[in-house]
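Here's a quick walk through a few spots worth a look. Pull up the model and follow along.

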Amino acid sequence: MTPHAGRIAVFSASVGAGHDGAAAELARRLTADGFTVDRHDLLDLLPAGLGRAVRTGYHRMLVRAPWAYQRIYSSSERAGGGGPAARALLRAAERRVLHALHPGTGAVVSTYPGASQVLGSLRRDGRLAVPVLTYLTDFSVHPLWVADGVDVHLAAHPVTAAQARAAGARTVRVCGPVTDPRFRPCTGAERERARDRFGLPQQAPLALLVAGSWGVGPVRQVALELRDSGAVVPVVVCGRNEALAARLRADGIEYAYGWVDDMPALMNAADILVQNAGGLTSLEAFAAGLPVASYRCIPGHGLTNAAALHEAGVAAWIRDPADLKAVLTDLTDGTLGLRQREAAFALFTRTPGQGPAAEIARRHRRAPVPRQATSAPSRRPARPLAAPAESPGRPSTRTSGRHAESTHRTLLPDGRTWPAAAPARKDSVPAGRTRPAPRRLAATAAVACAVWACAVVTGGATALDGPRLVRTIGHSLDLDDLHQGDGHGAGSGGHHS
């Protein structure tokens with residue numbers, strides 16, 4: 001493909017590092033194919049800096065109230081998506097998302113459920129005139145991943161695709177995983193060098209224990225159980241949770257690390273991966289030829305991913321601690337490990353034209369060429385892909401002075417079309433008027449507080465009495481963290497563990 005073949009926007013979110021990791025690899029592949037790629041973090045586009053509060057609240061819940069996250073995940077799964085507070089928060093980001101898009105953007109990709117909901121809404125209402133694709137980073141599919149208006153959902157495995165269709169996705173493509181090419185099977189010499197580099201024993205069977213970039217879940221308990229089983233020597237990566245790494249070393253777990261920049265080399269040194277969330281690290285282990293075991297998974301997506309990976313035959317799900325030693329031994333030295341490697345490698349046996357990046361490129365080429373800006377560029381990105389809310393022929397008060405907007409009709413998979421222009425929204429502001437800034441800030445702040453309060457209360461109302469529930473809400477979200485920043489939400493300059 002020739003250089004400057006087109007422009008694609010990729011939306012992710014810095015919650016953990018898995019969504020960002022998938023976005024980075026998609027961007028790398030699309031750039032190699034000649035596209036210009038713009039990456040955006042949805043949390044940065046929430047108004048009034050609410051993204052930091054959302055990130056911090058989610059992290060606090062996983063660490064201090066995992067039972068609440070499980071209840072929220074299960075209840076929203078049964079309800080088919082998020083509640084009204086979550087929808088209101090995502091609607092608050094729609095205008096900012098449109099403004100962030102470059103005038104020449106020809107396709108938009110999401111690697112995060114919230115971004116898919118925002119982009120799907122814009123596409124469905126006719127305000128976004130180019131294809132929207134969702135890359136499903138997890139093996140299991142929560143209903144929030146499936147948004148009306150998204151043109152195509154990209155799945156790594158048929159199990160994932162079936163769940164997406166069951167959740168209502170119209171068009172699903174099985175395209176295989178997205179992983180960094182540095183994750184690959186190694187030779188015996190490379191394995192020895194990797195063990196030397198990290199100071200690991202050459203002969204012992206090593207189990208690489210990971211718990212995401214935040215180091216959440218019962219990592220300490222699992223590390224001790226791995227050691228006491230006698231089947232493996234645990235090598236633990238705690239991500240940005242340095243306190244956990246120090247605690248493990250004090251417990252006698254000799255090989256405990258914080259953030260690791262070269263995870264491909266550490267995977268080369270290991271014999272098996274033990275994980276609790278089923279995210280991007282599992283896919284990277286498949287590419288590296290490591291058998292994977294899911295054990296003592298975190299609530300919510302950790303459990304559903306473990307079930308989906310087990311159903312696909314690419315990872316063992318150890319649900320009974322009494323089975324731990326036997327399964328670890330079978331994965332490292334037995335036929336179970338061989339079967340898993342074969343099933344995992346099959347995920348990657350696709351031609352270059354069948355991968356997720358190739359599907360995104362095809363959708364981009366089928367889309368009409370977006371109009372370029374006709375006015376002088378502004379510091380604030382134009383909203384190039386929004387269909388005008390006013391009637392044809394009347395200038396749009398919201399895009400005055402900007403480039404002309406696309407008015408083509410887009411064909412749906414079932415033959416219907418979306419209209420070129422959407423009617424004005426009920427919450428739109430009349431021409432010539434704007435909402436006072438303090439009122440908007442107060443409204444969005446109230447929505448953010450409602451999201452967190454609803455999250456904790458939904459989970460705690462059936463489990464705690466009044467005083468304990470109040471303490472949980474107060475202690476789970478430390479407002480001091482919002483002023484000092486949250487190191488857990490740092491970008492993906494290194495590698496998630």
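What follows covers a cavity, two residues and a helix pair.

This is a predicted model, so to speak of a local feature takes pLDDT of at least 70, side-chain atom pairs count only at pLDDT 80 or more, and totals for chains, interfaces and linings use all residues. Residues are numbered from 1 along each chain as its sequence is written, and side-chain values use heavy atoms, with hydrogens and water left out.

Let's start with the empty space. A cavity here is a set of points on a 1 Å grid over the protein atoms alone where a 1.4 Å probe fits but cannot get out, and lining residues have an atom within 4 Å of a point. Points are joined across faces, edges and corners, and volume is the space filled by probe spheres set on them. The count is 2 cavities of 30 Å³ or more. The second largest holds about 40 Å³. Its lining is made up of Leu-209, Val-210, Ala-211, Pro-218, Val-219, Val-222, Asn-276, Tyr-295 and Arg-296. Strand β7 (206-210) and helix α9 (219-229) are the elements giving two or more residues to that lining; helices (H or I, at least four residues) and strands (E, at least two) are DSSP runs numbered from the N terminus. By class, the lining has 7 nonpolar, 1 polar and 1 charged residues.

Now for two residues, side by side. Contact means heavy atoms within 4.5 Å, and buried means under 20% relative accessible area with a 1.4 Å probe, protein chains only.

| Residue | Element | Relative accessible area |
|---|---|---|
| Leu-328 | α14 (residues 324-333) | 0% |
| Gln-275 | β10 (residues 272-275) | 3% |

Leaving out neighbours within four places in sequence, Leu-328 is in contact with Leu-226, Ser-229, Ala-231, Val-232, Ile-272 and Val-274. Its C-alpha sits 9.5 Å from that of Pro-291, 37 residues apart along the chain.

Gln-275, with the same sequence neighbours set aside, touches residues including Val-210, Ser-282, Tyr-295 and Leu-309. The Gln-275 side chain also reaches the backbone nitrogen of Ala-277 at 2.7 Å, a polar contact being a pair of N or O atoms within 3.5 Å.

Last, the helix pair. How do α3 and α13 cross? The axes of α3 (residues 66-79) and α13 (residues 301-312) come within 9 Å and cross at roughly 60°, with axes fitted to C-alpha atoms over the stretch in contact and angles running from 0 to 180 degrees between N-to-C directions. Tyr-69, Gln-70, Tyr-73 and Glu-77 of α3 meet His-301, Leu-303 and Thr-304 of α13.

Notes
On a 1 Å grid over the protein atoms alone, a cavity is a set of points where a 1.4 Å probe fits but cannot get out, and a pocket is an open set with protein on both sides within 12 Å along at least five of seven lines; lining residues have an atom within 4 Å of a point. Ala, Val, Leu, Ile, Met, Phe, Trp, Tyr, Cys and Pro count as nonpolar, Asp, Glu, Lys and Arg as charged, and the others, Gly among them, as polar. Buried means under 20% relative accessible area, exposed over 50%, partly exposed in between (1.4 Å probe, protein chains only). A polar contact is a pair of N or O atoms within 3.5 Å; within protein, one must be able to donate a hydrogen and the other to accept it, and residues adjacent in sequence count only if both atoms are side-chain atoms.
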